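Please open the model in your viewer and keep the selection panel at hand. The stops below follow one another, and at each of them you are told what to select and what can be found there.

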There are 4 protein chains.
Amino acid sequence: MSEHPSPRKRRKEARPSELTAAALALFVERGFAATRLEDVAARAGVSKGTLYLYFDSKEALFKAVIQEGIMPVVTEGESIMAQHDGDTFELLGRLLENLWAGIGETPFAGIPKLMVAEAHNFPEVTQFYYENVIRRGRGLVGAALERGMARGEFRSLPVDTAIDVVIAPILMLLIWRASLARCQGSPVDPGEYLAVYMDLLRRGLQRSQV
Amino acid sequence: MSEHPSPRKRRKEARPSELTAAALALFVERGFAATRLEDVAARAGVSKGTLYLYFDSKEALFKAVIQEGIMPVVTEGESIMAQHDGDTFELLGRLLENLWAGIGETPFAGIPKLMVAEAHNFPEVTQFYYENVIRRGRGLVGAALERGMARGEFRSLPVDTAIDVVIAPILMLLIWRASLARCQGSPVDPGEYLAVYMDLLRRGLQRSQV
Amino acid sequence: MSEHPSPRKRRKEARPSELTAAALALFVERGFAATRLEDVAARAGVSKGTLYLYFDSKEALFKAVIQEGIMPVVTEGESIMAQHDGDTFELLGRLLENLWAGIGETPFAGIPKLMVAEAHNFPEVTQFYYENVIRRGRGLVGAALERGMARGEFRSLPVDTAIDVVIAPILMLLIWRASLARCQGSPVDPGEYLAVYMDLLRRGLQRSQV
Amino acid sequence: MSEHPSPRKRRKEARPSELTAAALALFVERGFAATRLEDVAARAGVSKGTLYLYFDSKEALFKAVIQEGIMPVVTEGESIMAQHDGDTFELLGRLLENLWAGIGETPFAGIPKLMVAEAHNFPEVTQFYYENVIRRGRGLVGAALERGMARGEFRSLPVDTAIDVVIAPILMLLIWRASLARCQGSPVDPGEYLAVYMDLLRRGLQRSQV
DNA sequence: AATGAATGAGGCTTCATTCAT
DNA sequence: AATGAATGAAGCCTCATTCAT
C-alpha cells in the first residue's frame, strides 16, 4: 500500500500538473486572453469547475504554468557548469545539449514564446521569470564566456552584450517552432540548425590564430 | 486652393494610418485579444464608432496593421542587393543598416513580436506575412550567402539552414525589445548588440585562412 | 415660369413623398426596427443627413408613412357610399373596387401589414390609424350592411361583428401579399380570390329566399 | 427516487420551453428586432447569459419559438379529418374548434402575426413554417372542400383559391387580436365573430337549393 | 439644401467565476 | 472531490443622430 498509493490519490496529486500541461499547450497556441478555461478543462478531461479547485483564477493558472516550467533546467545547467573541466566551447555545447533535452523537445519549449507574448500583461510573472530563468541563464552563459576568455580560448568580448547575442539563436529557434513554423511550412531541422549555429559560434568566438 | 484640399478630406485620407498606428502600438503591447478597440480609438483620438468607418472588424484592423507594416523595407533590401558591387559581408552590413533604419527604430519594430504571438489565431494573415515578408527576406539573405560562397569569401554552408541562423539574432533583438526589455531592466544597447553580432558573424562566415 | 416651377423647386417639394415611399417599402419588407435609415436614404437616392431635413427622427418618418398612406381612399369610399343608389351588394362591390384600385395595387398595400406588426410599438400612430382609417372604414362597411338589412336585401346580422368578418378576407389578402407570399411561392391571384370571396359573401349575406 | 429526479435536472429540461414562451410573448408584442434578449431573460426569470446555454443566438431562439409552436394542432386536425364521418360542414366546424382550443386561446395565437411580420427577415424559418404549417393546413381545408363538393353538399368552387378565402377570417382574427386589438379598444368577441363567420360560410358554400 | 464623417448609446454575445448538488 | 448550470461584467459592433463643410 505504501508502495502503491491509491489511484485516486495518485490522480489527485497529479491533477495540478495535468491541468498546467493542458493550459500550457493552449496558452502557447492561442495566447492567454484567447484561451478559454473551458477548453483547458476539456483538454485535461475535467470540468470547468474543477480548475477552480486547484487554481484561484485564470491568472493564477498562468503563473503556475510559467513557474513549473523551466527552472529545473537552469539548475542542471549550473551544476554542469560547476563540474565542467576542460575546453570551454565544449562546455557551451553541453549546456546546449542539456537545454535542448530538458526544454527543446518538451512541451516547455513553448514557454519563451508565451512569455514574450504576455510579458506586458503580467508584470509580476515577468519579474519572476526574469529573476529565476533569464538572470540565471544569462549568468551561466556569461560565466562560460568569461571562463573562455580567461583561459585564452575566446577572444575578448563585451560580455554583457555577447551573452544576448549568443543566446538569441537558441531562443529564436524555440520561439519560431512554437509560432509560425507550426502554421506555415518552413519546418526547420533543429539538429542542423543547432549544428550550423554552434559551428558559427565556435569560429566567431575563437581567439584569432596568429 | 489646390494647396488646401478641405481639412475634412485631408483628415479622411490620413485616418486609416493614424488608426493602424494606434492599433499597432496596443496590439504589440497587449496582444490582439487583450486590446480593446475603445483604447485603440482613444489613442488615435477618435470615438469607437469611427474605427468602423475604416475597418470592418477588429480582425480587419489587425490585417491592415500587418500589411501596411513592413513590405517597403523588403523591397528596399532587394534593390540594395541588386545594386551592390564588391565585398559580400559589406552587403550584409548594408542590408542590416537598411533594416534597422526602416524597422528597428520605428513603431514597426513590434510587428515580429506581434506575428509570433498571433500566428496561430490568424492563419490567413500569417500566410500573407509569410509570403510577402519572410519568404522574400529569406531570399535576400540566402542570395547574399550564396554570393559570398561563390566569390570565395564565405566558407561552404548549408544555405537554407544558415539563413535562419543568420537572421535569428536580428529578429530576436526586435522581439526582445518589444517584450521583456520593456518591462524589466535589461535595456540592451542595440548598437553594441548589432556590432558584436556582426563581428561574430564575419568571423563565423569567413573562409578559413590558409 | 409659373407653369414650370424650377426643377429644383419641384424636386424639393417632391422630396418628402419620395422619402416616405422609400421608407414604406423598406418598413413593410423588414419591419421598422430592422430598417436602417441609411438604406431608406439610399433607396431614395439621397444621403443619410438629408432625411433629417424633412423628418425629425425615424419615428417621425414612420408616422408620416402611415399618415400619407391611406386616408384618401377612405374619403373616396365615403363619397361613393353617399352617391350610391340601388342594390346594396353592388355598393359593396364598388367600395371594394375602389379600395383595390387605390391601395391593393399600389405600394400602400403594405400598410396594413406594417400597422399590424408595429401597432404595439407606436401607440400614438396606432391611435391615429385607428381613428382615421379603421373607424371610418368600419363605419362604411357598417353603414352598407345596415342599408342592405333595411332594404331587405341582407338577412339580419349583428352588425358590429359582421363588419370585422366582412373586412377580414380583404385585409388578409393585403397582408398575405406583403409577407409570406413574397418569399414563398403561393402566389394567390387577387382577381380570382376577390371574385370567390364576393361570391361567398353575396350568398352568405343574402336573405333566405322563401 | 425515481419519482424525484434532481430539481436541477427537472429545471434544466423545463428551461427551453420556459424561455421560448417568454420569447414568444415579447416577439409577438414588439417584433423580433425590437425585443431585447435581456427582457426575454427577465421575463423567464433568468439572466441574460442563461439564454445562451440553450440557444446559440437570438435567431436560433426565434426558430425554436416558431418550430415548437403550432405543428401539434395541424397533426390533430389531420387526425380529426381522417376519422370524420358524415356532414362536411360539421367537419369544418370541428377543425375550427380544435384550432381554436389548441391555438386561439393559447399564447401560440400570436405566431401568425409574428410570422407575417418577420417572414422576409427569416427566409429559412419561413420556409419551414410554410412546409410544416401552411401547406398542411391548406391541405386539410382543401380536402374538406373537395369532400363537400364530392358529396354534393357544397357548390362547385375553384378549390385552390377557396382555401385561402376560407382560412382568411380565422387567420385575421388571430392576427387582429395579437396586434391592434391589444392597443385600441375594439375588443372583438371571438365567439360571436366565429359564429357569424361560420354562418356566413355555411350559407356561402351551400349548394343552391333547387 | 445637401453631404457624409463622426459620435456614443445600446444590444448581442462571450466567458471567467460561483455555487448548489 | 467533482460537476455544470447559472451569472453578469465586459467587449465587439450597429446605427440613429448630429454638425462642420
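Select Tyr52(C) together with DNA strand F: in this predicted model, a polar side-chain atom of Tyr52(C) lies 2.8 Å from a phosphate oxygen of the strand, which falls under the term polar contact, a pair of N or O atoms within 3.5 Å, where within protein one atom must be able to donate a hydrogen and the other to accept it, and residues adjacent in sequence count only if both atoms are side-chain atoms. The elements that give two or more residues to the surface near DNA strand F are α3 of chain A, α3 of chain B, α3 of chain C, and α1 (7-30) and α3 of chain D; such helices are DSSP runs of H or I with at least four residues, numbered from the N terminus.

Stay with DNA strand F and add Ser47(A), of which a backbone N or O atom is 3.1 Å from a phosphate oxygen of the strand. Then add Lys48(A), where a polar side-chain atom lies 3.3 Å from a base nitrogen of DNA strand F.

Now widen the selection to the 33 residues that surround DNA strand F, of which the closest are Arg15(A), Thr50(A), Arg15(D), Thr50(D) and Tyr54(D); a residue is near a strand if one of its heavy atoms lies within 4 Å of it. By class, this surface has ten nonpolar, ten polar and 13 charged residues, where Ala, Val, Leu, Ile, Met, Phe, Trp, Tyr, Cys and Pro count as nonpolar, Asp, Glu, Lys and Arg as charged, and the others, Gly among them, as polar. Of the atoms of DNA strand F within 4 Å of the protein, 71% belong to sugar or phosphate, and the rest belong to bases.

Next, select DNA strand E, around which there are 34 residues, with Arg15(B), Thr50(B), Tyr54(B), Thr50(C) and Tyr52(D) coming nearest. Which parts of DNA strand E do the side chains of Lys48(B), Lys48(C) and Thr50(C) approach? For Lys48(B), a polar side-chain atom is 3.2 Å from a base oxygen, for Lys48(C), a side-chain N or O atom is 3.3 Å from a base nitrogen, and for Thr50(C), a side-chain N or O atom is 2.5 Å from a phosphate oxygen. The residues of the surface near DNA strand E divide into ten nonpolar, ten polar and 14 charged.

Leave the DNA and select chains A and B, where 47 residues of chain A are in contact, meaning heavy atoms within 4.5 Å, with 46 residues of chain B. There are two salt bridges between these chains, a salt bridge being a side-chain nitrogen of Lys or Arg within 4 Å of a carboxyl oxygen of Asp or Glu. To see one, pick Arg155(A) and Asp199(B), whose side chains meet in a salt bridge at 2.8 Å, N to O.

For the last stop, select Thr161(D), which is found in helix α9 (residues 159-178) of chain D. Is Thr161(D) buried or exposed? Thr161(D) counts as buried because its relative accessibility is 11%, and buried means under 20% relative accessible area, exposed over 50% and partly exposed in between, with a 1.4 Å probe and protein chains only. Not counting residues up to four places away in sequence, Thr161(D) touches Glu192(C), Tyr193(C) and Val196(C).

Residues are numbered from 1 along each chain as its sequence is written, while chains are lettered from A and ligands numbered from 1 in the order in which they are written. In this predicted model, local features need pLDDT of at least 70 and side-chain atom pairs count only at pLDDT 80 or more, whereas totals for chains, interfaces and linings use all residues, and side-chain values use heavy atoms, with hydrogens and water left out.
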